[in-house]
Structure formats: C-alpha cells, structure tokens
Amino acid sequence: MRLDKKYFVWLLPILWMGVIFLFSSQPYDRQDIKPVMNKIIDLSFMERYVSWISFTYANSEVSVQAIGIDRFIEFFIRKGAHFTVFFILMILFYIALSRTNRLKLKANLIVSLLLSIAYAVMDEFHQGFTPNRTPYIGDVVIDGSGACVAGILIYIILKRKRKVHDY
C-alpha cells in the first residue's frame, strides 16, 4: 500500500509536537534564561515601568517586588513562548487538515483548535512527570489562546482572500 504524498503535510504538526515535547521534557533549570539575559542586558532600567504590575499566577505572586525584574521578564517570555508555540501548532494542524480532507473552512478550524488544545492538555500532563516542572491549567489556557488567535487570523485572512476573488 502506497501512502499518498499529500499526507506528508502531516509531518509538520507532528514534528512541531515533537519540539514541544522535547522542551516540556526539560527540567526548569535547563530552560532558565535569566543568566543569559543578565549577561546581555541590565534589566533594572525596566523596574520603574513595570513595578506597578502585580497578579497571582499558579498561587504565586508575579511582581517585580516579589520575584525580581529578571524573573518577572522571564515569566512573560515563557508565557509568550506557550502562546507562540500553540499559535504555530494551530496553523500547522490547519494546513495539514485543509490539504487532506474536504471539510469546510470552519470545520477545519474547529478540528485544528480541538487538536491543539488536546495536545496542550497532554503537554501539561506530561510536564507533571518532568523534574522541577508542574502541570498548570493556566498554561493550557494560554496555549489555547494562542491557538484561538491563530484560528481567528486564518479565518479573517481566508475570508478576505475569498472576497477579493469574488469581484
């Protein structure tokens, strides 16, 4: 039985899930970017601009006063990475689905979103088995938000493209 070439597009989301898996398999201390940030730039100048920000995330206070400017900036970089990798995963799922089935735009978007969120849940579960890492539902919300934004952008872009072609 020969595999149709069009299904090779599924390697994109599968490989990207592998990248996500590798990163979530690393203990926190291997992903600590504070030493690199501190060598490159003195972040203390930012304190006066962000010192008013304070909130609780995963039962811990996130503020410059509570964790210092380097950990504060790192927090946003790490959460931005969560958002970004699942933004990309959503796009890759959409590409693979749209090229290998005859579903309509909205159906492909919904299935892509559900697959992205399902993988986010599995990724957080997996982190529970990684030293110095803890699963947290808030990260799934951030991951899902990245996927949702990607889906909205895909929808807007494709709807605009169709309007242009309709004229």
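Reader: Glad to have this predicted model to look at! Why are helix 1 and helix 5 called roughly parallel to each other?

Author: Good place to start. Their axes cross at roughly 25°, and angles under 35 degrees count as roughly parallel. Helix 1 and helix 5 are therefore given that label. Their axes also come within 10 Å, and helix 1 passes helix 5 in a right-handed crossing.

Reader: Which residues make the contact between helix 1 and helix 5?

Author: From helix 1 come M17, I20, F21 and S24, and from helix 5 come Y119, D123, H126 and Q127. By class, that contact has 4 nonpolar, 3 polar and 1 charged residue.

Reader: What makes helix 1 roughly antiparallel to helix 4?

Author: Here the angle does the work again. The axes of helix 1 and helix 4 cross at roughly 160°, and the label applies to angles over 145. So helix 1 is roughly antiparallel to helix 4. The two axes come within 8 Å, and this crossing is left-handed.

Reader: How do you know what class of residue makes up the contact of helix 1 with helix 4?

Author: Have a look at who takes part. L12, P13, W16, M17 and I20 of helix 1 meet V85, F86, I88, L89, L92, F93 and A96 of helix 4. Leu, Pro, Trp, Met, Ile, Val, Phe and Ala count as nonpolar, so the division comes out as 12 nonpolar, no polar and no charged.

Reader: Why is helix 4 called oblique to helix 5?

Author: Their axes cross at roughly 135°. Roughly antiparallel needs an angle over 145, and roughly perpendicular covers 65 to 115. The angle of roughly 135° fits neither, so helix 4 is oblique to helix 5. The crossing is right-handed, with the axes coming within 8 Å. The contact of helix 4 with helix 5 has 13 nonpolar, 6 polar and 2 charged residues.

Reader: Now to the empty space. How much of it lies in the largest pocket, and which residues are closest to its centre?

Author: The largest pocket holds about 980 Å³. It is lined by 32 residues, and Y28, R78, K79, H82 and R133 are the closest to the centre.

Reader: Which helices and strands supply at least two residues of that lining, and where does the largest share come from?

Author: Helix 1 (11-24), strand 2 (60-63), helix 4 (64-100) and helix 5 (105-127) each do so. Helix 4 gives the largest share, with 11 residues.

Reader: How does the lining of the largest pocket divide by class?

Author: The lining has 17 nonpolar, 7 polar and 8 charged residues. Among the residues closest to the pocket centre, R78, K79 and R133 belong to the charged class, since Lys and Arg count as charged.

Definitions and conventions
Residues are numbered from 1 along each chain as its sequence is written. This is a predicted model: local features need pLDDT of at least 70, side-chain atom pairs count only at pLDDT 80 or more; totals for chains, interfaces and linings use all residues. Side-chain values use heavy atoms; hydrogens and water are left out. On a 1 Å grid over the protein atoms alone, a cavity is a set of points where a 1.4 Å probe fits but cannot get out, and a pocket is an open set with protein on both sides within 12 Å along at least five of seven lines; lining residues have an atom within 4 Å of a point. Grid points are joined across faces, edges and corners, and a volume is the space filled by probe spheres set on the points. Helices (H or I, at least four residues) and strands (E, at least two) are DSSP runs, numbered from the N terminus. Axes are lines fitted to C-alpha atoms, for helices over the stretch in contact, and angles run from 0 to 180 degrees between N-to-C directions. A crossing is left-handed if the near helix is turned anticlockwise from the far one by less than a right angle, and right-handed if clockwise. Contact means heavy atoms within 4.5 Å.
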